[in-house]
Amino acid sequence: MAKRKITSFFLPTDNNNNDTNESSDLTVESQKKTKLNPSMKTVKKWEKELNIKLKLVVDEDDHVNQMFCEDCVQFMPDQTSSFVTGCTSIKKESVKYHRDSVIHQRSIDSKAAQEKEKSGAPSSLIKGLMKLDEVQIEKMEKLFRTAFYIAYNAKPFTDFKDCVNFKLTMA
Ligand SMILES: [Zn+2]
């Protein structure tokens with residue numbers, strides 16, 4: 001390509017020249033773009049390093065165009081942060097800055113709170129204890145029914161032990 005003086009870019013040129021300029025400008029621009037946006041692999045690495053979950057919008061060349069913070073999208077009450085609407089400044093500093101922001105911390109907090117609420121459902125250990133309780137309650141019910149039977153029929157209380165032993169072996 002022939003060298004041109006820098007001033008020639010600002011001066012009106014004839015049509016032929018204009019065409020070549022336009023195409024070379026386009027190549028420069030697309031090269032710039034690939035240089036600017038890091039690959040998905042790179043951004044995934046940041047995710048691990050900074051301990052943050054990101055959703056990525058990737059172009060056909062595997063370069064990231066937009067980043068979303070998963071926790072903020074889901075849990076932030078104020079949905080105006082760039083990491084909710086889609087951050088287009090694909091830099092590690094942007095991710096780090098967001099991770100350390102008050103907004104992100106708030107999302108993490110409300111996520112933790114919601115998860116705690118969810119864990120209010122009985123765990124398997126609690127379920128096991130509740131089952132144990134059911135067995136106990138059934139046993140107690142039998143004992144009370146026996147006690148009631150003895151009292152109601154004015155039987156001697158010494159019968160209670162025999163009745164219970166009999167019923168328990170039957171159960
Ligand atoms: Zn966030």
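The paragraphs below walk through this predicted model, from its overall layout to its core, its hairpin and its C-terminal helices.

A word on conventions helps before we start. Residues are numbered from 1 along each chain as its sequence is written. Because this is a predicted model, local features need pLDDT of at least 70 and side-chain atom pairs count only at pLDDT 80 or more, while totals for chains, interfaces and linings use all residues.

Let's begin with the whole chain. Its secondary structure comes to eight helices and two strands, where helices (H or I, at least four residues) and strands (E, at least two) are DSSP runs numbered from the N terminus. Read from the N terminus on, the order is α-α-β-β-α-α-α-α-α-α. Of the 171 residues in the chain, 10% are buried; a residue is buried if 20 or more other C-beta atoms lie within 10 Å of its own, exposed if 12 or fewer, and partly exposed in between, with C-beta atoms placed from the backbone. Contacts are another useful view: two residues are in contact if their C-beta atoms, placed from the backbone, lie within 7 Å. Among contacts between residues at least 6 apart in sequence, 41% join residues at least 24 apart.

How far does the predictor trust this picture? The mean pLDDT of the chain is 80, and 75% of its residues reach 70 or more; pLDDT is the predictor's confidence in each residue, from 0 to 100. Among the elements, helix 1 (residues 15–36) has the lowest mean pLDDT (51), whereas helix 2 has the highest (97). Over residues 16–23 the pLDDT is below 50, and beyond near neighbours in sequence this stretch has one contact in the model.

Now to the interior. The largest nonpolar core has 13 residues, and those with the most contacts inside it are V43, L54, M67, C69 and F83. Such a core is a set of buried Ala, Val, Leu, Ile, Met, Phe, Trp, Tyr and Cys residues joined through C-beta atoms within 7 Å. Helix 2 (40–50) and strand 2 (64–69) are the elements that give two or more residues to this core, and the largest share, three residues, comes from strand 2. C69 is a good place to look: leaving aside neighbours within four places in sequence, C69 is in contact with I52, L54, F83, V84, H98 and H104.

Strand 2 also has a partner. Strand 1 (residues 54–58) runs antiparallel to strand 2, and five bridges join them; two strands pair if DSSP finds at least two bridges between them. Along this pairing, V58 has V64 as its bridge partner, and V57 stands opposite Q66. The hairpin has five residues between the strands, and D62 lies in that loop. Most residues other than glycine have a negative phi. D62, however, has a positive phi of about 70 degrees although it is not a glycine. D62 is exposed, because 11 other C-beta atoms lie within 10 Å.

The last stop is the C-terminal part. Helix 7 (residues 124–152) has 29 residues, which at 1.5 Å a residue should span 42 Å, and its end C-alpha atoms are 41 Å apart, which agrees; the expected span is 1.5 Å times one less than the number of residues. The number of buried residues in helix 7 is zero, so this helix lies largely in the open. After helix 7, A154 lies in the loop leading to helix 8, and A154 has a positive phi of about 55 degrees although it is not a glycine. With 6 C-beta neighbours inside 10 Å, A154 counts as exposed. Helix 8 (residues 158–170) holds N165, which is exposed, with 10 other C-beta atoms within 10 Å. N165 and L143 are 22 residues apart in sequence and 9.9 Å apart in space, C-alpha to C-alpha.
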